[in-house]
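Here is a short note for someone opening this structure for the first time. Please read the points with the model on screen.

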Amino acid sequence: MANLHDAIFEIDLEAVASNYRLLCDLCTERTEVAAVLKSDAYGLGLVAVATRLEACGCRTFFVADIEEALLVRRALRHVTVIVLRDEIVNYPDIYRHEGLTPVVNSLQDMQSVKDHNLTMPIAVNVDTGFCRFGLSFEEVRNLFLCDVFRAYRPMLVFSHLGCQDEPAHPNNPLQLNRFCAISALIDPHTRSLCASAGVWLPQRYHYEMIRCGSALCGLNNARLTPSPLNSVVRLKARLVEIRYVEKGEAVGYAATFRTVRRTRLGILGIGYANGLPWSSASNLGARIGEFVANAVGRISMEYTTVDLTDVPEQIFHVGAWVELLNDDFTPDDLALVSEFNAQELLVRLGSGCLRRYQDNHFPALANSARHPIDQATQSGRGR
Ligand SMILES: *Cc1c(COP(=O)(O)O)cnc(C)c1O
């Protein structure tokens with residue numbers, strides 16, 4: 001394992017809250033902004049992010065599975081927690097006792113809801129052209145004809161757009177039309193079609209709820225210039241070694257960089273094991289005060305080498321921290337130059353570095369252990 005303590009992923013929860021308020025302002029009153037916090041809130045820390053969002057009015061949280069749902073439920077008793085996908089048949093009692101909202105992704109799920117007589121509100125995922133999970137139009141129609149939605153009333157029907165970050169893509173109106181037809185058969189209280197980038201689609205796409213993940217994290221998937229979102233994360237690495245090499249020396253694996261002068265090199269305690277993309281090497285810079293020291297050679301598993309020759313000696317020392325991501329060079333920028341997906345970048349850095357929260361509500365919260373299922377099963381038995 002890479003040395004976590006030499007690489008810090010810093011998260012600004014105030015910026016997450018500002019992004020939430022900004023998304024609310026972009027929607028009309030009838031549209032609720034729900035938070036999607038799967039994969040440990042995109043690497044930012046599920047409980048920390050959920051708690052901050054609840055404090056600024058967020059009432060609905062989508063999570064990946066039962067484990068994540070229980071973590072949110074432990075922290076927040078009075079919010080709606082929707083489990084994007086987990087076998088309902090395995091955990092009927094947990095859904096019931098913890099007041100979690102199951103998502104029906106298939107006919108099998110619907111059958112489990114009936115078998116266990118889960119009479120709490122449910123959510124139904126419908127497939128309108130993403131082809132991952134969700135009921136098809138025919139399946140929904142058959143359930144409708146059998147009056148299933150009268151006995152088990154869905155509180156929410158949602159579908160997922162594949163191309164919402166491209167407003168002119170023909171799949172958007174196609175999925176919108178299909179969603180319109182399917183959701184009419186279910187007639188729920190709340191309909192939801194958009195994720196983050198869909199906020200910038202025409203209002204007829206918004207319905208009663210949008211489901212936002214990346215925009216809360218500051219990612220500008222809609223590629224608006226300038227980005228209206230606040231950047232949320234910073235990445236810092238410790239300078240663990242300084243060394244001088246002569247002109248003409250090869251630096252690192254495959255000798256991809258050769259010094260053209262006597263060079264002062266800095267070795268940073270962060271590498272691809274911490275989530276830094278190997279492919280970003282030639283585009284990465286370490287900010288030290290007003291200076292930028294460019295990465296040279298290949299990124300290795302635990303270390304990255306930078307050229308410190310032009311950075312004044314008085315402003316750094318072994319043990320100092322340098323910045324690799326900040327407001328000027330964001331995860332979106334790094335994703336672009338390293339041909340990465342920005343969400344993937346956050347998830348990797350969030351689990352590969354030591355996480356720290358800027359507002360100090362969650363000082364140095366370690367990447368959380370996840371054993372809530374066992375606890376829930378045990379407390380369920382005890383009752
Ligand atoms: C991940 C996800 C979202 C959130 O997507 P973002 O683009 O990150 O906002 C919304 N809905 C579903 C079903 C998802 O899986």
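Of the 13 residues around the ligand, which come nearest?

1. Lys38, Tyr42, Ser196, Gly213 and Ser214 come nearest to the ligand, out of the 13 residues around the ligand. Please keep in mind that this is a predicted model, and that the distances and areas below are computed from it.

2. Three side chains can be picked out by their polar atoms. Lysine 38 places a polar side-chain atom 2.6 Å from an oxygen atom of the ligand. For serine 214, an N or O atom in the side chain is 2.5 Å from an oxygen atom of the ligand. With arginine 211 the partner is a nitrogen atom of the ligand, and a polar side-chain atom of arginine 211 lies 2.9 Å from that nitrogen. On its own, the ligand has 390 Å² of accessible area, and the protein covers 89% of this area.

3. The domain assignment divides the protein chain into domain 1, residues 12-212, and domain 2, residues 233-352. Taken over C-alpha atoms, the centres of domain 1 and domain 2 are 39 Å apart.

4. How many residues of each domain are in contact with the other? Four residues of domain 1 are in contact with five residues of domain 2. Between them, domain 1 and domain 2 bury about 370 Å², and carbon and sulfur atoms account for 77% of that area. On the side of domain 1, the residues that lose the most area to domain 2 are Tyr42, Gly43 and Leu44, which together make up 82% of what that side buries. Tyr42 is thus named twice in this note, here for the area lost to domain 2 and above as one of the residues that come nearest to the ligand.

5. The side of domain 1 that touches domain 2 has two nonpolar residues, two polar residues and no charged ones. The rule finds zero salt bridges across the interface of domain 1 and domain 2. The count of residue pairs in polar contact between domain 1 and domain 2, with both residues at pLDDT 80 or more, is also zero.

Technical notes
Residues numbered from 1 in each chain as written. Predicted model: local features only at pLDDT ≥ 70, side-chain atom pairs only at ≥ 80, totals over all residues. Heavy atoms only, no water. Domains from an automatic or database assignment. Contact = heavy atoms within 4.5 Å. Buried area = accessible area lost by both parts, 1.4 Å probe. Salt bridge = Lys/Arg side-chain N within 4 Å of Asp/Glu carboxyl O. Polar contact = N/O pair within 3.5 Å; in protein donor to acceptor, adjacent residues only side chain to side chain. Nonpolar A, V, L, I, M, F, W, Y, C, P; charged D, E, K, R; others polar. Near = heavy atom within 4 Å. Areas by Shrake-Rupley, 256 points an atom, 1.4 Å probe, with all protein chains shown as cover.
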